[in-house]
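Subject: Handover of a structure and findings

Dear colleague,

I am handing over to you the structure shown below. I should be grateful if you would keep it open while reading the notes that come after it.

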Amino acid sequence: RSMVANVLGIIQNSRAVEPLIAVLEDEDEEVGVRSMAANALGNIEDPRAVEPLIAVLRGEDDGIRHIAVWALGKIGDPRAVEPLIAALKDENVLVRMYVSEALRQFADPRALEPLITALRDEDISVRRYAAEALGIIAGPRARAVEPLIAALCDENEEVCTSAAWALDNIIGPRAVDALIATLIDRDELVSRTAAESLDEISPAWRDL
């Protein structure tokens, strides 16, 4: 049954949506089969699956919630934004990680403050994906600049690199100053990302 669900997701025929939703909503079905149904629905990207996937996201099954998050991000329906934001507080780190990554697909300003909070998450991957999402969502909004500058000093190299990458989308003198400082004070990978970010910043800001 899992293999059949997987193949239906690969085929991406809309006729499979309702049967896959039925499997997804069957709480007596094995978690692996329901997870594969959620994955297939994400691949098909049909909006009919949004509400059933949100229901799964709000459920208690750790083995499927993160797949529902991925599927909702893949479908990209704005109805999922608020439930995904709420899931940034999920006790399961895998769910929080997938949510941080999924929210970048929406570029919705409602996620700005929750993602700034997620920069302080205990998990490295959550912090990393939150920084990357902020780079897309924040744009010129100054609110994300200081938290991302703070993330340049994260104990984890990948989080620092993601923060440096994000700052190239948030133009302004504070971002430029922080990236320049990073060229000197951090390790090679982070410094290289900072240099690339500075190179991509609009020429109008480069002399500030």
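The notes below describe what was found, beginning with the chain as a whole and then turning to individual helices and residues.

Overall picture

Please bear in mind throughout that this is a predicted model. The chain has 208 residues, of which 51% count as buried. Its secondary structure consists of 13 helices and 0 strands. When contacts between residues at least 6 apart in sequence are considered, 65% of them join residues at least 24 apart.

Helix α4 and the nonpolar core

Helix α4 covers residues 50-57, and 6 of its 8 residues are buried, so this helix is largely enclosed by the rest of the structure. Those buried residues are Val-50, Pro-52, Leu-53, Ile-54, Val-56 and Leu-57. They pack against α2 (17-25), α3 (31-44), α5 (62-75), α6 (81-87) and α7.

One residue of this helix, Leu-53, also has a prominent place in the largest nonpolar core. That core has 60 residues, and Leu-53, Leu-84, Leu-115 and Leu-148 touch the most other members. In soluble globular proteins, nonpolar side chains tend to be buried together. Apart from neighbours within four places in sequence, Leu-53 is in contact with Leu-24, Ala-38, Ala-68, Ala-71, Leu-72 and Ile-75.

Helices α2 and α3

The pair α2 and α3 packs at an angle of about 145 degrees, and the two axes are 8 Å apart. Their crossing is left-handed. On the α2 side the contact is made by Val-17, Leu-20, Ile-21, Val-23 and Leu-24, and on the α3 side by Val-33, Arg-34, Ala-37, Ala-38, Ala-40, Leu-41 and Ile-44. Sorted by class, the residues of this contact comprise 11 nonpolar, no polar and 1 charged. Leu-24 and Ala-38, which take part in this contact, are also among the residues that Leu-53 touches.

Helix α7 and its two partners

Two helices that pack with α7 are described here, α5 and α9.

The axes of α5 and α7 come within 8 Å and cross at roughly 5 degrees. The two helices are therefore roughly parallel. In this contact, Arg-65, His-66, Val-69, Trp-70 and Gly-73 of α5 meet Leu-94, Val-95, Tyr-98, Val-99 and Ala-102 of α7. The residues involved divide into 7 nonpolar, 2 polar and 1 charged.

Helix α7 (residues 93-102) also packs with helix α9 (residues 124-137), at an angle of about 15 degrees and with the axes 8 Å apart. Here again the helices are roughly parallel, because an angle under 35 degrees counts as such. The crossing of α7 and α9 is left-handed. From α7, the residues Val-93, Arg-96, Met-97, Ser-100 and Glu-101 meet Ser-125, Val-126, Tyr-129, Ala-130 and Ala-133 of α9. This contact contains 6 nonpolar, 2 polar and 2 charged residues.

Ser-100 lies in helix α7 and deserves a separate note. Is Ser-100 buried or exposed? With a relative accessibility of 0%, Ser-100 counts as buried. Leaving out residues up to four places away in sequence, Ser-100 touches Leu-88, Leu-115, Val-126, Tyr-129, Ala-130 and Ala-133. Leu-115, in this list, is also one of the core residues that touch the most other members.

Residues in the loops

Most residues other than glycine have a negative phi. Two residues in loops depart from this pattern, Gln-12 and Glu-45. Gln-12 is not a glycine, yet its phi is positive, at about 60 degrees. Gln-12 is situated in the loop between α1 (2-11) and α2, and with a relative accessible area of 45% it is partly exposed. Glu-45 likewise has a positive phi of about 60 degrees without being a glycine. Glu-45 belongs to the loop between α3 and α4 and is partly exposed, its relative accessible area being 39%.

A further loop residue is Glu-91, found between α6 and α7. Glu-91 is exposed, with a relative accessible area of 73%. Its C-alpha atom is separated by 9.5 Å from that of Asp-62, although the two residues are 29 apart along the chain.

Yours sincerely

Key:
Residues numbered from 1 in each chain as written. Predicted model: local features only at pLDDT ≥ 70, side-chain atom pairs only at ≥ 80, totals over all residues. Heavy atoms only, no water. Axes fitted to C-alpha atoms, helices over the stretch in contact; angles between N-to-C directions. Helix = DSSP H or I, 4+ residues; strand = E, 2+ residues; numbered from the N terminus. Parallel < 35°, antiparallel > 145°, perpendicular 65-115°, else oblique. Left-handed = near helix turned anticlockwise from the far one by under 90°. Contact = heavy atoms within 4.5 Å. Nonpolar A, V, L, I, M, F, W, Y, C, P; charged D, E, K, R; others polar. Buried < 20%, exposed > 50% of the residue type's maximum accessible area, 1.4 Å probe, protein only. Core = buried A, V, L, I, M, F, W, Y, C linked by side-chain atoms within 4.5 Å.
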